[in-house]
Amino acid sequence: MISSTAGADSITDPGAAQDMHGYRAHAIEPDAIARALSYALAQPSDVDVDVNEIVVRPARQR
């Protein structure tokens, strides 16, 4: 799990540190990103797919 304090502990500006806590609260776990990419890459060769960009958002941002 990504810690909500990861990266925020070294920030000296209180407002910026608070913003980092909020940002980290919505971060996607690395394993979830790996699964999303694996899904895209695992599509059969007969599927006509041209991937130019992959956007992965937390479900809370839908």
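The count of salt bridges in this chain comes to one, and since you have the predicted model open, that pair makes a good place to begin the tour.

**Stop 1: the charged pair**

Select Asp31 and Arg35 and show their side chains. The two meet in a salt bridge, with an N to O distance of 2.4 Å. Now colour by secondary structure: both residues belong to helix H2, where they sit four residues apart, or about one turn of the helix. Side chains of opposite charge can pair when their charged atoms come close. How accessible are the two partners? Asp31 counts as partly exposed, because its relative accessibility is 49% and the exposed class starts over 50%. Arg35 has 51% relative accessibility, so this residue counts as exposed.

**Stop 2: Ile33**

Stay in helix H2 and select Ile33. With a relative accessibility of 28%, Ile33 counts as partly exposed. Which residues does Ile33 touch, leaving aside its neighbours within four places in sequence? Show the atoms around this side chain and you will find Ile28 and Val56 in contact with Ile33. Try a distance label next: the C-alpha atoms of Ile33 and Val56 are separated by 7.3 Å, although the two residues are 23 apart along the chain.

**Stop 3: the segment after H2**

Follow that label to its other end. Val56 lies in the segment after helix H2, which covers residues 30-41. Its relative accessible area is 34%, which makes Val56 partly exposed. Arg57 is also found in the segment after H2. Is Arg57 buried or exposed? Its relative accessibility is 58%, so Arg57 counts as exposed. Draw another C-alpha to C-alpha label, this time from Arg57 to Ile33: the distance reads 9.5 Å, for residues 24 apart in sequence.

**Stop 4: a nonpolar patch**

Keep Val56 selected, add Leu37, Leu41, Val51 and Ile54, and switch to a surface view. Together these five residues make a nonpolar surface patch of about 440 Å².

**Stop 5: helix H1**

Move back along the chain and select residues 14-25, which form helix H1. This helix has 12 residues and reaches 17 Å from its first C-alpha to its last, close to the 16 Å expected at 1.5 Å a residue. Then zoom in on the start of H1 and show Asp13 and Gly15. A side-chain oxygen of Asp13 comes to within 3.1 Å of the backbone nitrogen of Gly15.

**Last stop: the whole chain**

Zoom out and show everything. What does the chain contain in helices and strands? There are two helices and zero strands. Of the 62 residues, 5% count as buried. The chain exposes about 5,300 Å², and carbon and sulfur atoms supply 52% of that area.

Methods:
Residues are numbered from 1 along each chain as its sequence is written. This is a predicted model: local features need pLDDT of at least 70, side-chain atom pairs count only at pLDDT 80 or more; totals for chains, interfaces and linings use all residues. Side-chain values use heavy atoms; hydrogens and water are left out. The expected span of a helix is 1.5 Å times one less than its number of residues. A polar contact is a pair of N or O atoms within 3.5 Å; within protein, one must be able to donate a hydrogen and the other to accept it, and residues adjacent in sequence count only if both atoms are side-chain atoms. Buried means under 20% relative accessible area, exposed over 50%, partly exposed in between (1.4 Å probe, protein chains only). Accessible areas come from the Shrake-Rupley method with a 1.4 Å probe; for residues, only the protein chains shown count as cover. Patches are made of residues with over 30% relative accessible area and no salt bridge: like charges are joined within 9 Å, nonpolar side chains (Val, Leu, Ile, Met, Phe, Trp, Tyr) within 5 Å. A salt bridge is a side-chain nitrogen of Lys or Arg within 4 Å of a carboxyl oxygen of Asp or Glu. Contact means heavy atoms within 4.5 Å.
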